[in-house]
Amino acid sequence: MEAIVYEEFGGPEVLRHTTGVAVPEPGPGEVRVRVKAVGVNPVDWKRRYGWVEEFYPTTFPAVPGLEFAGTVDALGEGVEGAEGSGDGFPGLAVGDEVIGWTKTGAYAEYAIAGIIAPKPAELSWEAAASLPVAGETAQRVLDLIGVREGETLFLHGAAGVVGSVAVQLAVAAGITVVGSASESNHAYLRELGAIPVAYGEGLAERVRAAAPDGVHAVFDAAGHGVLPVAIELLGGEGAADKRRIATIAATDAAEHGIAFSGVTAAPDVVRAGLTAQVRQAVEGTLTVRIADTLPLKEAARAQELSESGHMRGKLVLLP
């Protein structure tokens, strides 16, 4: 089958496009999918560099990619006709359209599914493949910091894919969101319901001006040294409740006593969240901006674009 493979850590050049990878066979309780679209995420190139082995240990040769949209291609023993069998799959049939995560890597024609949910016909392959990682990450962090209806959240990196999904989920939950982004993305954040502020020096003062009654929690989706600002916004070192700050981007989080959220929640929680987010996407109340689609063979280029940090939206690969 067609796939992207890498056999050592390194830059984009270690990614190799091949048609010689064996099609994976589903074991007991497993499901194989024919991949139609793949979401590209920063964690893909961070894994390629070997930077996140603590959370995502690599076995070479490795196929990159966490999330996909596709069709059920084969069912392992004990899955067919089952309700909640295996890793919590719903009752499935070959040909069903699904969305979720893979166990064997999504940059491929076929993959063994991890956690999945049904994909409605109304949702495009590209839009569906863009939801799992961003939606799960956004909801996990919002739950971790305990932000609630009526509170104010500062979201650093609000115009990125995870950030924009988190904005929409938080606003829908009755939370006021102050979001940092480059000025070119401020109109976009207003459309999503957030109050935009600019990056850079003086960030804490701009957030306070946007939220004169104060900030209750901070979600860092961008990194770039913002954690001291987050602590300051919640009262300063020694006073801030650091349980209400979390990051998915700052590798020095532990030095500040702040949680780095990089591990997914329980499968049933993840699946329920994805199912709810798919429904919101169909209703038009949750969207992921698509920056570009590329053929699978251009995976190295896609990861380069993702790593540049200049893409406005999600990159999607099409096997």
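Me: Where does P61 lie?
Reply: P61 sits in the loop between α1 (42-49) and β4 (67-75). Helices (H or I, at least four residues) and strands (E, at least two) are DSSP runs, numbered from the N terminus. The model is predicted: local features need pLDDT of at least 70, side-chain atom pairs need 80 or more, and totals for chains, interfaces and linings use all residues. Residues count from 1 along each chain as its sequence is written, and side-chain values use heavy atoms, without hydrogens or water.

Me: What kind of peptide bond joins F60 and P61?
Reply: A cis one, with omega about -5 degrees.

Me: Why is H224 called exposed?
Reply: Its relative accessible area is 78%. Exposed means over 50%, buried under 20%, partly exposed in between (1.4 Å probe, protein chains only). H224 therefore counts as exposed. It lies in the loop between β10 (217-220) and α7. Its phi is positive, about 60 degrees, although H224 is not a glycine.

Me: What makes P228 partly exposed?
Reply: P228 has 42% relative accessibility, so it falls between the two limits. P228 is in helix α7. Its C-alpha is 7.8 Å from that of H256, 28 residues away in sequence.

Me: Why are L203, A204 and V207 said to be on the same side of α6?
Reply: These three are buried in helix α6 (residues 203-210). They span an arc of only 100 degrees around the axis, so they share one side of α6. The arc is that of the directions from the helix axis to the C-beta atoms. Their cover includes β7 (152-156), β8 (176-181), β9 (195-198) and α7 (227-233), with contact meaning heavy atoms within 4.5 Å.

Me: Which residues of the largest nonpolar core touch the most other members?
Reply: L131, L153, L155, V177 and F219, out of 49 residues. Helix α4 (residues 161-172) gives the largest share, seven residues. A second, separate core of 27 residues includes V31, V72, V79 and L92. Such a core is a set of buried Ala, Val, Leu, Ile, Met, Phe, Trp, Tyr and Cys residues joined through side-chain atoms within 4.5 Å.

Me: Which residues does L131 touch, beyond those up to four places away in sequence?
Reply: Among them are E67, I99, L123, L274 and V288.
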